[in-house]
Amino acid sequence: MKKLFTFYLLFCHFFLFSQQKWDVRFYNEIINREVFIYADNHEVMPMSAQFDFKLKNFTSTLENKSIVVIPAKTEKFLIAKLTTLKPNEANQFSYSTMFNFGNSLQENFDENFVYSLPFPTGESHLIFQGYNGKFSHQNTSALDFDLKIGDKVLAARDGIVVSVVDNNTASCPEFKCVEFNNKITVMHSDGTFADYVHLKYKGALVKKGDAVAQNQLIGLSGNTGFSSGPHLHFGVFINRVDGSRTYIKTKFKTSDSAAELLVQGKTYTKNY
């Protein structure tokens, strides 16, 4: 007696980015006993997804727990094809996905790019917490500039705005307040991202999808989220699908140098 050809479907999706829901969708089509799994990514940046399959009487073109990078502005991007192993036996499949923004497989970037100080010409600001700082930068190559509430924040590099959060008012010097970070995230041409964090309430002057130029005014500094006082947190990173980040030390043009790494405890002037 032949067994019926049946499917038992279960789909679970997990996204990893506080306060953000990405416009990405996973779905499948069944054609002639084969299952085609697709993704639509309507975001302006690539999305990375890791798939965990549970298969019975199926084989997949995608190895289990592999990471797939879905290009920006893409519809019906083929993730995997599931093919029946034994035609006369029942089939079952399910999968879960964990996904995040950016190309999580990326390793290379523009190591020679020189960033602009993220404040207006003629101003000087102290780096009061630098790379691998003891308060909130442990194992993190990020910088804290001593901007005050309402100070202008300028783009350190050209890019596309991929996320804006500016509806929070709360802050505290504990990690639990990270969910209240107001920030702007910008994607650069080499696939890296920059975060401009702790902006004031309604302090974003750009919106998601905007192209921004280096030295363009994009926001106003504040004291929201995981913060012990007013400042601008700036960090450049490559995003990973599991929510971790590979932070990158960045060189800046200053009044003293055409390209230098900024150091905690030193004040830098922008004369350009």
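Searching the whole structure, a predicted model, turns up 11 salt bridges. One of them pairs the side chains of Asp 52 and Lys 54, with N and O 3.3 Å apart. Another is between Glu 174 and Lys 176, at 3.8 Å from N to O. Glu 174 comes out as partly exposed, with 43% relative accessibility, while Lys 176 reaches 57% and counts as exposed. Then there is a small network: Lys 183, Asp 195 and Arg 245 are tied together by salt bridges that share partners.

The pair formed by Glu 107 and Arg 240 also belongs here, its closest N and O atoms lying 3.8 Å apart. This pair links distant parts of the chain, the two residues being 133 residues apart. Glu 107 sits in the loop between β8 (92-101) and β9 (114-116), and Arg 240 in the loop between β21 and β22 (245-248). How do the two ends fare for burial, buried or exposed? Glu 107 counts as exposed because its relative accessibility is 56%, and the cut-off for exposed is over 50%. Arg 240, on the other hand, is buried because its relative accessible area is 12%, where buried means under 20%.

Turning to the strands, there is an open sheet of four, in the order β2-β3-β7-β5, with antiparallel pairing. β2 (24-31) and β5 are the edge strands, each pairing on one side only. From one strand to the next, the twist averages 30°. Inside the sheet, β3 (residues 34-41) and β7 (residues 74-84) run antiparallel and are joined by six bridges; Asn 41, for instance, has Thr 74 in β7 as its bridge partner. β7 also pairs with β5 (residues 58-60), again in the antiparallel sense, over three bridges. Here Thr 59 is partnered by Thr 83, and Ser 60 stands opposite Leu 82.

As for the nonpolar interior, the largest core has 29 residues, and those touching the most other members are Phe 145, Ile 184, Tyr 196, Ile 218, Phe 234, Phe 252 and Leu 262. At least two residues apiece come from β11 (142-145), β15 (183-187), β16 (193-197), β17 (199-204) and β21 (232-239). β21 gives the largest share, four residues. Looking past its neighbours within four places in sequence, Ile 218 is in contact with residues including Val 153, Leu 154, Ile 184, Tyr 196, Leu 205 and Val 212. Apart from this core lies another, of 26 residues, among them Val 24, Val 35, Leu 62 and Val 68.

Key. Residues are numbered from 1 along each chain as its sequence is written. This is a predicted model: local features need pLDDT of at least 70, side-chain atom pairs count only at pLDDT 80 or more; totals for chains, interfaces and linings use all residues. Side-chain values use heavy atoms; hydrogens and water are left out. A nonpolar core is a set of buried Ala, Val, Leu, Ile, Met, Phe, Trp, Tyr and Cys residues joined through side-chain atoms within 4.5 Å. Buried means under 20% relative accessible area, exposed over 50%, partly exposed in between (1.4 Å probe, protein chains only). Contact means heavy atoms within 4.5 Å. Two strands pair if DSSP finds at least two bridges between them. Axes are lines fitted to C-alpha atoms, for helices over the stretch in contact, and angles run from 0 to 180 degrees between N-to-C directions. A salt bridge is a side-chain nitrogen of Lys or Arg within 4 Å of a carboxyl oxygen of Asp or Glu.
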